[in-house]
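Let's take a walk through a protein model together. Have the 3D view ready, and follow along as we go from one residue out to the whole chain.

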Amino acid sequence: MTPTSRADAHNPRQGFSLVELLIALGALAVLLAVVLPGSGYIETARMQAIVQDVATLRAAADRWLERGRLDYTGLTVGALQREGFLPNGWRASTPYGGTYALAPAPGGATRVTVTVTGLSPSAGTALLTYYTGRVASVSLGGGTLTVTF
């Protein structure tokens, strides 16, 4: 036994003990428990920002008509910014890296359409569900949501 003990004394230990592995797995579990639930909050916050931005665009479009215009002819995000109907610093980019566009609805200038591009599939589906029954029409295709008021 003496030669084996002497050999063990000169060679460093290789590998991890069971206790060390359990401690590492416990730390990883704690980190995952903190990080993973937060990802759902981020997605929810992004969708809420889109709902707020669409409401802002709709309110700005309503003010467009209040200035004596008879319909939405000529209405764009740029036109609303030039007229001062959108808040200072408002940008036409979504939290998903897409854009907002605003125009008279096809088939007549008595309704306005807001288009939101660059949506994730889950966000698009959730927003489609949110707007269904709340607006004149809503559609989703290829990561683009179209809402008509």
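## Starting from one threonine

Let's begin with Thr-148, which you'll find in strand β4. One thing to keep in mind as you look: this is a predicted model.

Is Thr-148 buried or exposed? Its relative accessibility is 10%, and the cut-off for buried is under 20%, so Thr-148 counts as buried. Who is around it, then? Leaving out residues up to four places away in sequence, Thr-148 touches Ala-105, Arg-111, Val-112, Thr-113, Val-135, Ala-136 and Ser-137.

One of those neighbours deserves a second look. The side chains of Thr-148 and Thr-113 are joined by a polar contact of 3.1 Å. These two threonines also stand opposite each other, with Thr-148 on the β4 side.

## The strand next door

Thr-113 brings us to the pairing of β2 with β4: 4 bridges join them, and the two strands run antiparallel. Another pair to find here is Val-114 and its bridge partner in β4, Val-147.

β2 also pairs with β1, through 5 bridges, and again the strands run antiparallel. Look for Pro-104, which stands opposite Val-112 in β2. Why call β2 largely enclosed by the rest of the structure? Because 4 of its 5 residues are buried.

## The whole sheet

Now zoom out a bit. The strands make an open sheet of 4, in the order β1-β2-β4-β3, with antiparallel pairing. Which strands sit at the edges? They are β1 and β3 (137–141), each pairing on one side only. On average, neighbouring strands of this sheet are turned by 15° against each other, direction ignored. As a rule, side chains in a regular strand alternate between the two faces of the sheet.

At the β3 end, 5 bridges join β3 to β4, and these two run antiparallel. Ser-139 stands opposite Thr-146 in β4. A helix joins in as well: α4 packs on the sheet and touches β3 and β4, with its direction making about 170° with that of β3. Check the turn too: the hairpin of β3 and β4 has 2 residues between the strands, and Gly-142 there takes a positive phi near 60°.

## The nonpolar core

How many residues does the largest nonpolar core have? The count is 29, and the ones with the most contacts inside this core are Ile-50, Val-54, Leu-57, Leu-75, Leu-80, Leu-102 and Val-116. Helices and strands both chip in: the elements giving two or more residues are α2 (18–66), α3 (77–82), β1 (100–104), β2 (112–116), α4 (121–131) and β4 (144–148). The top contributor is α2, with 7 residues.

Pick Leu-102 to get a feel for the packing. Setting aside neighbours within four places in sequence, Leu-102 is in contact with Leu-57, Leu-75, Thr-76, Val-77, Leu-80, Val-112, Thr-113 and Val-114. Notice that Thr-113 turns up again in that list, after we met it as a polar partner of Thr-148.

## Over to helix α2

Next, hop over to Thr-44, which is found in helix α2. With a relative accessibility of 36%, Thr-44 counts as partly exposed, because that label covers values between 20% and 50%. How far is Thr-44 from Ala-123 in sequence and in space? They are 79 residues apart along the chain, but 8.5 Å apart in space, going C-alpha to C-alpha.

## Stepping back

Finally, the overall picture. The chain's secondary structure comes to 4 helices and 4 strands, and from the N terminus on the elements run α-α-α-β-β-α-β-β. Of the 149 residues in the chain, 27% are buried.

Links across the sequence show up in the contacts as well. Among contacts between residues at least 6 apart in sequence, 47% join residues at least 24 apart. As for the outside, the chain exposes about 9,600 Å², and carbon and sulfur atoms supply 60% of that.

Notes. Residues are numbered from 1 along each chain as its sequence is written. This is a predicted model: local features need pLDDT of at least 70, side-chain atom pairs count only at pLDDT 80 or more; totals for chains, interfaces and linings use all residues. Side-chain values use heavy atoms; hydrogens and water are left out. A nonpolar core is a set of buried Ala, Val, Leu, Ile, Met, Phe, Trp, Tyr and Cys residues joined through side-chain atoms within 4.5 Å. Buried means under 20% relative accessible area, exposed over 50%, partly exposed in between (1.4 Å probe, protein chains only). Contact means heavy atoms within 4.5 Å. Two strands pair if DSSP finds at least two bridges between them. Axes are lines fitted to C-alpha atoms, for helices over the stretch in contact, and angles run from 0 to 180 degrees between N-to-C directions. A polar contact is a pair of N or O atoms within 3.5 Å; within protein, one must be able to donate a hydrogen and the other to accept it, and residues adjacent in sequence count only if both atoms are side-chain atoms. Accessible areas come from the Shrake-Rupley method with a 1.4 Å probe; for residues, only the protein chains shown count as cover.
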